[in-house]
Amino acid sequence: MSRAGSARGRYSKFAGCGSCGNSALKMGKPFLVGLTAALAVSMLFVMTFAVVFVVMKSIVTSAVIPLSVVALMLGCFAGGWVCGSISRSRGLLYGLVIGLTVFVGAWVIGIAMGEDTFSLTVALKLVLLLLAGGCGGWIGSHRGKTSRRR
């Protein structure tokens with residue numbers, strides 16, 4: 001029997017995706033790439049804000065926390081966008097998971113540094129990061145889906 005006609009052929013549904021159990025791998029790759037993008041973009045903006053503060057030679061302490069939240073939001077948006085464009089489906093869900101993961105990481109680091117465990121600002125940060133990640137994921141998954149009628 002030829003390979004194309006066998007149960008493990010090239011076009012078989014058992015060829016290595018979908019119902020074979022690799023769905024976790026298919027879901028994990030966009031998440032890991034998106035999370036890496038989110039962290040990289042967040043760090044890029046944090047470093048940019050730090051350079052701006054050094055050049056200005058004055059640090060307005062009331063602006064540090066909002067700018068860090070903005071950096072995390074931009075990172076979550078970028079991570080959600082990357083994750084949504086890789087997966088091409090479920091972008092909103094992927095973006096929300098990216099936002100939640102970044103929030104949990106920032107929350108754990110904040111608790112380790114002596115911040116409040118949960119307050120109104122922490123809840124606001126959660127909502128903003130979920131919103132940014134979800135929007136990025138939704139936009140990323142709908143990128144290029146224009147209706148082309150001929």
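In which helix does W81 lie? In this predicted model, W81 is found in helix 2, and the close-up views described below begin with the surface to which W81 contributes.

**View 1. A nonpolar surface patch to which three helices contribute.** The side chains to display are F77, W81, L92, L96, W138 and I139, which together make a nonpolar patch of about 540 Å² on the surface. At least two of the patch residues come from each of helix 2 (61-87), helix 3 (91-112) and helix 4 (120-141). W81, a residue of helix 2, has a relative accessibility of 33% and therefore counts as partly exposed, a class that lies between the buried limit of under 20% and the exposed limit of over 50%.

**View 2. The tilted ring pair of F45 and F49 in helix 1.** The structure holds three aromatic pairs. In the pair formed by F45 and F49, the ring centres are 6.3 Å apart and the ring planes stand at 45 degrees, so this pair is classed as tilted. Both residues belong to helix 1 (residues 23-56), where they are four residues apart, or about one turn of the helix. With a relative accessibility of 28%, F45 counts as partly exposed.

**View 3. The stacked ring pair of F103 and W107 in helix 3.** Here the ring centres of F103 and W107 are 6.1 Å apart and the planes are at 10 degrees, so the pair is stacked; the limit that applies to this class is an angle under 30 degrees. Because F103 and W107 are four residues apart in helix 3, about one helical turn separates them. The two partners fall on either side of the burial limit of under 20%: F103, at 5% relative accessibility, counts as buried, whereas W107, at 30%, counts as partly exposed.

**View 4. The aromatic cluster of F103, W107 and F118.** When the view is extended to include F118, ring pairs are seen to link F103, W107 and F118 into a cluster. Within this cluster, the rings of F103 and W107 form the stacked pair already described, and F103 is the buried residue of that pair, at 5% relative accessibility.

**View 5. The spatial relation of T48 and A71.** T48 is a residue of helix 1, and its relative accessible area of 39% places T48 in the partly exposed class. Along the sequence T48 and A71 are 23 residues apart, while in space their C-alpha atoms are 9.5 Å apart.

Key. Residues numbered from 1 in each chain as written. Predicted model: local features only at pLDDT ≥ 70, side-chain atom pairs only at ≥ 80, totals over all residues. Heavy atoms only, no water. Patch = residues over 30% accessible without salt bridge, like charges linked within 9 Å, V, L, I, M, F, W, Y side chains within 5 Å. Areas by Shrake-Rupley, 256 points an atom, 1.4 Å probe, with all protein chains shown as cover. Salt bridge = Lys/Arg side-chain N within 4 Å of Asp/Glu carboxyl O. Buried < 20%, exposed > 50% of the residue type's maximum accessible area, 1.4 Å probe, protein only. Phe/Tyr/Trp six-rings, centres within 6.5 Å; stacked < 30°, edge-to-face > 60°.
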